[in-house]
Amino acid sequence: GGQAQSPLTQNVTAVEGGTAMLTCRVDQNDNTSLQWSNPAQQTLYFDDKKALRDNRIELVRSSWHELSINISDISLSDEGQYTCSLFTMPVKTAKAFLTVLAVPQTPVISGFKGPVNEGDAVELTCTTTGSKPAAHLRWYKGDAEIHDVPLSQEPELRGKTYTVRSTLRLQVDRSDDGVGVRCSVDHESLRAAPHVATQRLDIQYVPSVKIDLSRNFAREGDELRMECRATGNPEPEAVKWKKDGAELPDPERMVVDGNVLVISALNKTDNGTYHCEAANTMGHNSAEYKLYVYDLSALAGQSGPDHAVIGGVVAVVVFITLCLIIVLGRYLARHKGTYLTNEAKGAEDAPDADTAIINAEGSQANAEEKKEYFI
């Protein structure tokens with residue numbers, strides 16, 4: 001029975017500012033007292049009697065089989081080895097280690113002195129303080145994690161907590177403009193969600209320019225809208241349109257509405273190269289489109305896809321008919337040969353040579369007649 005009369009405890013982990021419950025159990029106990037003492041060997045509870053004046057420590061349960069106490073508003077100084085004693089002869093003890101986690105502060109990203117120019121290198125530093133054990137930092141650009149970013153850990157004045165820093169170096173381009181770079185703190189005290197800081201990138205770049213058309217096929221009399229799509233940072237100034245390197249020649253029919261050039265009642269004089277230019281403080285860029293206006297009379301003469309198809313079908317039909325005639329002619333010619341051969345067979349059935357000759361000649365004569373008939 002003495003062997004079973006031993007106290008049992010478990011190590012406990014708590015978060016700074018939180019609560020820890022220390023439990024000591026004895027399976028078999030013949031009315032022997034239980035006691036909890038702290039790392040400084042001060043008695044906290046002796047059975048159900050409080051021994052240390054500390055409002056943070058409360059009794060949860062006291063019986064011959066269990067002594068459980070709560071420590072609230074935990075601080076880092078509460079960390080250490082607590083002892084449960086069973087007052088048998090000799091006294092039996094069990095140890096429980098209380099680990100206190102210090103919650104890392106929300107991270108801060110520094111170093112972005114935006115806006116920056118496309119192609120430049122950006123250096124961002126993420127810092128979080130007050131973690132115990134030292135926190136881990138992760139970087140993300142958009143939704144993609146960036147791996148293998150250097151990390152440093154420095155002990156703080158309190159001695160038990162750490163300041164953790166990580167510096168990310170990025171070469172940026174226009175696709176990074178407006179993208180959020182995130183620094184996330186991983187720590188066992190942050191069970192619900194990690195602490196995150198976000199730095200939105202502001203990348204300046206020369207405009208990129210593209211011309212979109214309202215129709216791909218320009219005919220005389222149609223209206224054509226050409227849209228000049230310009231994207232850049234800073235926002236490009238108003239776009240400029242030119243035709244064949246000069247100002248637009250017919251301002252009454254060629255109207256610029258924002259970044260759209262509208263040409264009404266197209267005619268042959270509108271043929272040429274149209275040029276759209278956009279500029280910002282980073283520089284300028286342009287796009288061009290070669291316009292060809294089809295005249296309706298030429299199109300009517302060519303309205304040919306349908307006629308061409310019909311002509312093609314007729315040609316195929318004629319060709320197939322000729323092929324059939326040739327095949328039929330060859331078939332008839334072969335049939336005629338077979339007929340002559342069958343006629344000649346009459347000679348084989350003759351009783352003697354003379355009759356055979358006569359039969360054969362008769363057959364040939366018939367053949368001549370048949371020939372004439374077939375021809």
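**A predicted chain of strands and helices**

Ala 96 is buried, with a relative accessible area of 1%. The model described here is predicted. Ala 96 lies in strand E10, which spans residues 92-101. Several residues outside its sequence neighbourhood of four places touch Ala 96. They are Thr 9, Gln 10, Asn 11, Trp 36, Gly 80, Gln 81 and Tyr 82. Asn 38 is 58 residues away from Ala 96 in sequence. In space, the C-alpha atoms of Ala 96 and Asn 38 are 9.9 Å apart.

The whole chain was examined next. The protein chain holds three helices and 26 strands. It has 375 residues, of which 34% count as buried. Among contacts in the chain with a separation of 6 or more, 61% join residues 24 or more positions apart. The exposed area of the protein chain is about 22,500 Å². Carbon and sulfur atoms supply 52% of that area.

Two open sheets are described here. One has four strands, in the order E1-E3-E8-E7, with antiparallel pairing. Its edges are strand E1 (7-8) and strand E7 (57-62), each of which pairs on one side only. Strand E3 covers residues 20-26 and runs antiparallel to E1. Two bridges join E1 and E3. Pro 7 has Val 26 of E3 as its bridge partner.

The other open sheet has three strands, in the order E22-E25-E26. Its pairing is also antiparallel. Strand E22 (240-243) and strand E26 (283-291) each have a single partner strand, so one side of each lacks a neighbour in the sheet. Neighbouring strands in this sheet are turned by 20 degrees against each other on average, direction ignored. Nine bridges hold the antiparallel pair of E25 and E26. One of the paired positions is Gly 272, whose bridge partner in E26 is Leu 291.

Thr 273 belongs to strand E25, residues 272-280. Its relative accessibility is 18%; because the limit for buried is under 20%, Thr 273 counts as buried. Beyond its neighbours within four places in sequence, Thr 273 is in contact with Lys 242, Lys 243 and Asp 244. Glu 288, Tyr 289 and Lys 290 are also in contact with Thr 273.

Strand E17 (residues 162-171) takes part in two pairings. With strand E13 (residues 121-131), E17 forms nine bridges in the antiparallel sense. Thr 125 stands opposite Thr 167 of E17. With strand E16 (residues 151-155), E17 forms five bridges, again antiparallel. Here the bridge partner of Leu 151 is Ser 166 in E17. E16 and E17 make a hairpin with six residues between them. Gly 159 sits in the turn and has a positive phi of about 90 degrees.

A nonpolar patch was found on the surface. Val 314, Val 318, Leu 322 and Ile 325 make up this patch of about 360 Å². Val 314 is placed in helix H2, residues 305-344. The relative accessible area of Val 314 is 47%, which makes this residue partly exposed. A patch residue needs over 30% relative accessible area, and Val 314, at 47%, therefore passes that cut-off.

Technical notes: Residues are numbered from 1 along each chain as its sequence is written. This is a predicted model: local features need pLDDT of at least 70, side-chain atom pairs count only at pLDDT 80 or more; totals for chains, interfaces and linings use all residues. Side-chain values use heavy atoms; hydrogens and water are left out. Patches are made of residues with over 30% relative accessible area and no salt bridge: like charges are joined within 9 Å, nonpolar side chains (Val, Leu, Ile, Met, Phe, Trp, Tyr) within 5 Å. Accessible areas come from the Shrake-Rupley method with a 1.4 Å probe; for residues, only the protein chains shown count as cover. A salt bridge is a side-chain nitrogen of Lys or Arg within 4 Å of a carboxyl oxygen of Asp or Glu. Buried means under 20% relative accessible area, exposed over 50%, partly exposed in between (1.4 Å probe, protein chains only). Contact means heavy atoms within 4.5 Å. Two strands pair if DSSP finds at least two bridges between them. Axes are lines fitted to C-alpha atoms, for helices over the stretch in contact, and angles run from 0 to 180 degrees between N-to-C directions.
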